Amino acid sequence: MKEKLLQAFADQYGDAQDARVYFAPGRVNLIGEHIDYSGGYVLPCALTLGTYGVVRKREDEKICFYSMNFPEDGVKETRVGTYQIEDEKDWTNYPKGVMWAFAEKGMKLSCGMDLLFFGDLPAGAGLSSSASLEVLTGFILCDLYGFEVSGEELALLGQRAENEFCGVNCGIMDQFAVAMGKKDQAILLKTSDLSYEYIPVKLPGVKIVIANSNKKHSLNESKYNERRQECETALGELQQAIGINNLCDLDDKTFDAYQIMIKDETRQKRAHHAVYENERTKNAAEALRANDVLTFGQLMKESHRSLSEDYEVTGEEMDALAEAAWQQEGVIGSRMTGGGFGGSTVSLVREEYVDSFIKETGKLYTEKTGLKADFYLVEIGGGPMLQ
Ligand code: GLA
């Protein structure tokens with residue numbers, strides 16, 4: 001891979017002398033969905049799939065971007081200190097946003113650079129290709145220009161780039177999982193204070209299978225913001241009666257006692273999801289520690305149901321994909337992962353059933369939706385690194 005990337009860099013920028021190759025992972029969230037903006041626990045892991053970057057400093061102030069995934073775009077350029085959005089759909093907004101976030105913190109680049117990127121995450125699959133690119137860029141800046149930034153800060157700078165530069169109101173989960181990933185470990189992150197711990201994912205004979213629904217999600221951003229707003233309003237209503245900072249500060253029993261404060265049924269359902277998903281995530285972390293895969297799988301299924309019925313972020317396609325998975329032999333658990341409204345499911349499948357799982361789930365999914373799903377057997381990988 002490294003050789004191929006260096007060759008591609010040389011093809012674009014003349015030669016690859018002194019160029020460095022970096023990698024940052026994508027992520028899959030095992031459980032704890034849509035609660036990273038309600039102060040809940042999430043349980044993501046980094047993948048061995050992700051984004052590669054090849055970089056070399058320049059003598060002038062030019063910053064050149066090229067992506068092997070978007071060769072039709074050619075080389076795009078900006079200058080040190082000039083970070084602007086010209087086209088909202090432009091992929092360079094993510095690296096530019098990170099450079100902007102670094103500059104805002106006083107970390108200014110001493111010269112320009114030539115950059116080449118390549119991502120092997122399936123596009124639009126909800127595996128955080130944008131967080132991967134953001135954290136990768138931040139990691140590169142630190143290594144190349146000597147900035148000292150911890151993994152947690154790298155995640156926060158990536159999130160800031162996405163929130164304030166790109167205008168996407170995401171939580172902290174994706175960037176944190178990418179920046180802090182560890183091989184064969186899930187990260188139990190408490191999003192209200194960013195405390196975290198690693199939990200080894202030791203599932204002998206069990207594989208993690210991701211199924212990309214290939215459903216194009218066009219409304220996801222506005223719906224995402226709508227859910228955030230609904231949760232904020234529900235929180236405000238609960239705060240009239242009880243002193244909490246986040247929805248997920250409530251346990252299930254306290255929520256049940258106070259939910260009448262929420263004056264709208266839809267908002268009640270949203271808050272119900274947040275509180276119960278948080279409880280499920282804590283229980284799932286316990287189950288993972290105890291190697292209790294069956295309990296873990298059951299919680300994944302409950303999580304999906306709640307995202308479908310209470311939070312309404314799954315849609316017909318993700319429901320069809322998860323329901324098809326639940327019917328298969330050897331499946332321990334399956335649920336949508338990420339933002340929803342399309343994207344992927346994550347399933348835990350016993351090794352000997354993986355082939356039949358892929359075949360039968362794919363078949364049922366196509367029968368129900370007319371779409372074809374793509375399946376990936378994935379491994380849990382580490383955080384950003386110099387190759
Ligand atoms: C997207 C966001 C995350 C998180 C998930 C849902 O991936 O970027 O911050 O909210 O959706 O869990």
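**Exercise 1. Find which backbone atoms approach an oxygen atom of the ligand, and list the surroundings of the ligand.**

Begin with His 34, where a backbone N or O atom lies 2.7 Å from an oxygen atom of the ligand; this is a polar contact, that is, a pair of N or O atoms within 3.5 Å. The model is a predicted one, in which local features need pLDDT of at least 70 and side-chain atom pairs count only at pLDDT 80 or more, while totals for chains, interfaces and linings use all residues. Residues are numbered from 1 along each chain as its sequence is written, and side-chain values use heavy atoms, with hydrogens and water left out.

Next, take Gly 171, which has a backbone N or O atom 2.9 Å from an oxygen atom of the ligand, and then Gly 339, for which the corresponding distance is 3.5 Å. Finally, widen the view to the residues that surround the ligand, including Arg 27, Glu 33, Asp 36, Tyr 37, Cys 170 and Tyr 224, where a residue counts if one of its heavy atoms lies within 4 Å.

**Exercise 2. Work out the order of the strands in the four-stranded sheet, and say which strands stand at its edges.**

First, read the order, which is 10-11-9-12 in an open sheet with antiparallel pairing; strands are DSSP runs of E with at least two residues, numbered from the N terminus, and two strands pair if DSSP finds at least two bridges between them. Strand 10 (331-337) and strand 12 (374-378) each have a single partner strand, so they stand at the edges and one side of each is left without a neighbour in the sheet. Neighbouring strands here are turned by 25° against each other on average, direction ignored, with axes taken as lines fitted to C-alpha atoms.

Then look at one pair in detail: strand 9 and strand 12 are joined in the antiparallel sense over five bridges, and Val 209 stands opposite Leu 377 in strand 12.

**Exercise 3. Describe the second largest pocket and the largest cavity by volume and lining.**

Start with the terms: on a 1 Å grid over the protein atoms alone, a cavity is a set of points where a 1.4 Å probe fits but cannot get out, a pocket is an open set with protein on both sides within 12 Å along at least five of seven lines, and lining residues have an atom within 4 Å of a point. A volume is the space filled by probe spheres set on the points.

The second largest pocket holds about 160 Å³, and strand 9 (residues 206-212) gives the largest share of its lining, three residues. Its lining comprises six nonpolar, no polar and three charged residues, among them Asp 184, Lys 207 and Glu 379.

Turn now to the largest cavity, with a volume of about 30 Å³, whose lining includes Leu 30, Phe 296 and Leu 348. Seven nonpolar residues, no polar and no charged ones make up that lining, where Ala, Val, Leu, Ile, Met, Phe, Trp, Tyr, Cys and Pro count as nonpolar, Asp, Glu, Lys and Arg as charged, and the others as polar.

Technical notes
Axes fitted to C-alpha atoms, helices over the stretch in contact; angles between N-to-C directions. Polar contact = N/O pair within 3.5 Å; in protein donor to acceptor, adjacent residues only side chain to side chain.
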